[in-house]
Number of protein chains: 2
Amino acid sequence: MSALQRRTPKAEARAESQRERILDAAQKCFIEQGFQGAGMALIAETAGISTGLTYRYFDSKSAIMLAIIARELEGKRARIEELCGGDDFLAAVLEKFRAWQAGSADVMNAALFLEMSAEASRSPEILEAIRKSDALVLGEFEGWLRRDRSAGGLGMPAGDASRRALLMQCLIEGLVVRAARDPDLDADAVGRALAPVFEQLGFTTPGTTRP
Amino acid sequence: MSALQRRTPKAEARAESQRERILDAAQKCFIEQGFQGAGMALIAETAGISTGLTYRYFDSKSAIMLAIIARELEGKRARIEELCGGDDFLAAVLEKFRAWQAGSADVMNAALFLEMSAEASRSPEILEAIRKSDALVLGEFEGWLRRDRSAGGLGMPAGDASRRALLMQCLIEGLVVRAARDPDLDADAVGRALAPVFEQLGFTTPGTTRP
DNA sequence: AAATAATGAATGAACGTTCATTCTACACGG
DNA sequence: CCGTGTAGAATGAACGTTCATTCATTATTT
């Protein structure tokens, strides 16, 4: 991102930590004010540094945006395994839903997710980054569905797996939207709405969750 | 919206058409540049009027945003009936999906939808408007599911109807996200992913859509 | 002539970005 | 162990734009 070349590894490590500090601040600002609404001055102030210093670590505001998006996509990809890992998939999804509603810091932020998605229709660069990441997530999910039950998967035939992975992608993205548009919606009600579908698709064995 | 009082009905009619002309232009700009990215100068130019004149019809840019959101919500509510009306619900949904992908003018725009949803987490006013509208849409949908088959409904028991309406709301919102994030995704593939769920929930009688 | 509609230049604030300057930490000759 | 040189880190004021908004002025309608 930054054109600067660091000499010593120690300096490079510090530079990296500075970059992360800026990204943390930028993410907070972008969530609170939107991509275009947050100014460089606010980002710098939030990071506890001067405005000018920001440009030592990033070439432009747009570079920060792209870095935030890349980081968010990577985080989402990393966290998809948490969903597949557990033994109660529905419960795991509902837990995420509650976190999205609360705007919890350790989850992909719903507003940021929505703004990224909207921005994809304006910037081909962002669209491509999102598309690649989504394809990876979808593939990982599909892999989980196909993998043998003995290997922690669900042992579905290939066709079913790909169809259901796509369906689940839509459903989860829909839940993010819902969390943003109705932060007080009862998560249990969502659970009751999802349960029959999850059962039919084989994600949840009937009785795992209370009826 | 505007503080101005019109004297004659004729003048009022013209003022109304001017307001709509401004809203049309603003909507186009907001879609192309985002809420914060589009400036008043661009909006006025797109509407074919001067910058200053805009303020005769709207108090502020934020007032235009709110009007656009209100209008979008109203349009969405009006179009929900198209979905319920037809005899092939799945096909109707897929048609909408294709329109979202293409950014067709006669449908709620996906990017605008996403930006509105993101903005809801920042403005209580927008959140409330969205919540109220969503509740209406959900209620209408639920009503369709509960209504007797003889009256064009699906004749579901109350509990089922409310659960399935919520599920469908999530699913459809998820499809909007997907359309924005993958404008080239094959709509038929989406159809194959949705079909089994729609069948199970009773939205589509098996065989209505090609297998 | 009176009232309304429309203009577009003016306004001050805020924007992203740059840059001359200062600060800080560490290397090295003494 | 001490100045002292030096390079990188950090500053914050300044730059040119652009922003939303206002207003004195002109055009159009009634």
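**Contacts of DNA strand D and the pairing of chains A and B**

The surface near DNA strand D is made up of six nonpolar, seven polar and six charged residues. The structure described here is a predicted model. Around DNA strand D there are 19 residues, and those that come nearest are Arg14(A), Ser50(A), Tyr57(A), Met40(B) and Lys61(B). Three helices each supply at least two residues of this surface: helix H1 (9-33) and helix H3 (51-57) of chain A, and helix H3 (51-57) of chain B. The greatest contribution is that of H3(A), which gives four residues.

On the side of the nucleic acid, sugar or phosphate accounts for 65% of the atoms of DNA strand D that lie within 4 Å of the protein, and the rest belong to bases. Several polar atoms of the protein were found beside phosphate oxygens of the strand. In chain A, a polar side-chain atom of Gln18(A) is placed 2.8 Å from a phosphate oxygen of DNA strand D. In chain B, the side chain of Tyr55(B) has an N or O atom 2.7 Å from a phosphate oxygen of the strand. For Met40(B), a polar backbone atom is involved, and its distance to a phosphate oxygen of DNA strand D is 2.6 Å. Met40(B) is also one of the residues that come nearest to the strand.

The secondary structure of chain A consists of nine helices and zero strands. Read from the N terminus, the order of elements is therefore α-α-α-α-α-α-α-α-α, given that helices and strands are numbered from that end. Along the principal axes, the C-alpha atoms of chain A fill a box of roughly 60 × 35 × 30 Å. Within the chain, Asp24(A) and Arg71(A) form a salt bridge, with their closest N and O atoms 2.6 Å apart. This pair links distant parts of the chain, since Asp24(A) is in helix H1 and Arg71(A) is in helix H4, 47 residues apart. Over all chains of the structure, 37 salt bridges were found.

The two protein chains were examined next. Contact between them involves 48 residues of chain A and 48 residues of chain B. The size of an interface is often expressed as the accessible area that is lost when the parts come together. Chain A and chain B bury about 3,900 Å² between them, and 60% of this area is on carbon and sulfur atoms. In chain A, the residues that lose the most area to chain B are Arg122(A), Arg178(A) and Arg181(A), together 19% of what that side buries.

Between chain A and chain B, 14 salt bridges were counted. One of the salt bridges joins the side chains of Arg178(A) and Asp134(B), at 2.6 Å from N to O. There are also 20 residue pairs in polar contact between the two chains, with both residues at pLDDT 80 or more. On the side of chain A that touches chain B, two or more residues come from each of H1, helix H4 (61-85), helix H6 (110-120), helix H7 (124-146), helix H8 (158-181) and helix H9 (187-201). H8(A) provides the largest share of this side, with 13 residues. By class, the side of chain A that touches chain B has 26 nonpolar, nine polar and 13 charged residues.

The confidence of the prediction was considered last. For chain A the mean pLDDT is 91, and 93% of the residues reach 70 or more. Over residues 1-6 of chain A, pLDDT stays under 50, and the model has 15 contacts beyond four places in sequence for this stretch. Residues 207-211 of chain A also stay under 50, with five such contacts in the model. Where pLDDT is low, the predicted coordinates should not be read in detail.

Methods. Residues numbered from 1 in each chain as written. Chains lettered and ligands numbered in written order. Heavy atoms only, no water. Near = heavy atom within 4 Å. Polar contact = N/O pair within 3.5 Å; in protein donor to acceptor, adjacent residues only side chain to side chain. Nonpolar A, V, L, I, M, F, W, Y, C, P; charged D, E, K, R; others polar. pLDDT = per-residue confidence, 0-100. Contact = heavy atoms within 4.5 Å. Buried area = accessible area lost by both parts, 1.4 Å probe. Salt bridge = Lys/Arg side-chain N within 4 Å of Asp/Glu carboxyl O.
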